Amino acid sequence: MLARKCFMVQVKKSEYIRISRTVVRKLFDMNCFGKGSVYVHVLRSAIPKEDLDKVETVIDALVKQNICCKKKKEHGWKYYLNMDRYDKIMEIIQENGRSSIIPLLLML
């Protein structure tokens, strides 16, 4: 069995915004609200190769913000969107350009 390294990768603010927007959009497009949840390797398929190591760090931050939730399953953690934060999820999905609500949510 392979030992997994437990360290957090440093993510720049711009990378965090881009990756989190992609992850939230992917979960929304796949209709992942509670019962419809996905493993992290499915979310990694939407991310460019140079950012693959940063996906778990970004997802953990989204879980801390209660935008995403996770549940333990047979093969690992599955992630889904939190319906209680639907208004914030829609803001993230609809935003484009450089202005973003995500850094503001991190400060809360």
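**Exercise 1. Work out how strand 1 and strand 3 pair, and then place strand 2 in the picture.**

Start with strand 1, residues 38–39: in this predicted model it runs antiparallel to strand 3, with two bridges between them. For a register mark, look at Tyr 39, which sits opposite Lys 78 of strand 3.

Now go to strand 2. Its pairing with strand 3 is antiparallel too, this time over six bridges. Here the handy mark is Cys 69, facing Tyr 80 in strand 3. The link from strand 2 to strand 3 is a hairpin through two residues.

So how enclosed is strand 3? Five of its six residues are buried, so the rest of the structure largely encloses this strand.

**Exercise 2. Check the length of helix 1 against what its residue count predicts.**

Helix 1 covers residues 13–29, which is 17 residues. At 1.5 Å a residue, the expected span is 24 Å, because you count one less than the number of residues. The C-alpha atoms at the two ends are 24 Å apart, so the two values agree.

Next, see what the helix hides. Its buried residues include Tyr 16, Ile 19, Val 23, Val 24 and Leu 27, along with Glu 15 and Arg 21. Just past the helix, Asn 31 has a positive phi of about 60 degrees.

**Exercise 3. Find the residues and elements that build the largest nonpolar core.**

Begin with the count: this core holds 26 residues, and those with the most contacts inside it are Val 23, Val 24, Leu 27, Ile 59 and Leu 62. Then list the elements giving two or more residues: helix 1, helix 2 (40–44), helix 3 (55–64), strand 2 (68–73), strand 3 (76–81) and helix 4 (86–94). Helix 3 is the top contributor, with six residues.

Zoom in on Leu 27. Ignoring neighbours within four places in sequence, its contacts are Cys 32, Val 38, Leu 43, Cys 68, Tyr 79, Tyr 80 and Leu 81.

**Exercise 4. Decide whether Gln 94 is buried or exposed, and say how it sits relative to Arg 25.**

Find Gln 94 in helix 4. Its relative accessible area is 59%, and exposed means over 50%, so Gln 94 is exposed. Now compare it with Arg 25: the two are 69 residues apart in sequence, yet 9.3 Å apart in space, C-alpha to C-alpha.

To finish, zoom out to the whole chain. Among contacts between residues at least 6 apart in sequence, 62% join residues at least 24 apart.

Definitions and conventions
Residues are numbered from 1 along each chain as its sequence is written. This is a predicted model: local features need pLDDT of at least 70, side-chain atom pairs count only at pLDDT 80 or more; totals for chains, interfaces and linings use all residues. Side-chain values use heavy atoms; hydrogens and water are left out. Contact means heavy atoms within 4.5 Å. Helices (H or I, at least four residues) and strands (E, at least two) are DSSP runs, numbered from the N terminus. Buried means under 20% relative accessible area, exposed over 50%, partly exposed in between (1.4 Å probe, protein chains only). A nonpolar core is a set of buried Ala, Val, Leu, Ile, Met, Phe, Trp, Tyr and Cys residues joined through side-chain atoms within 4.5 Å. Two strands pair if DSSP finds at least two bridges between them.
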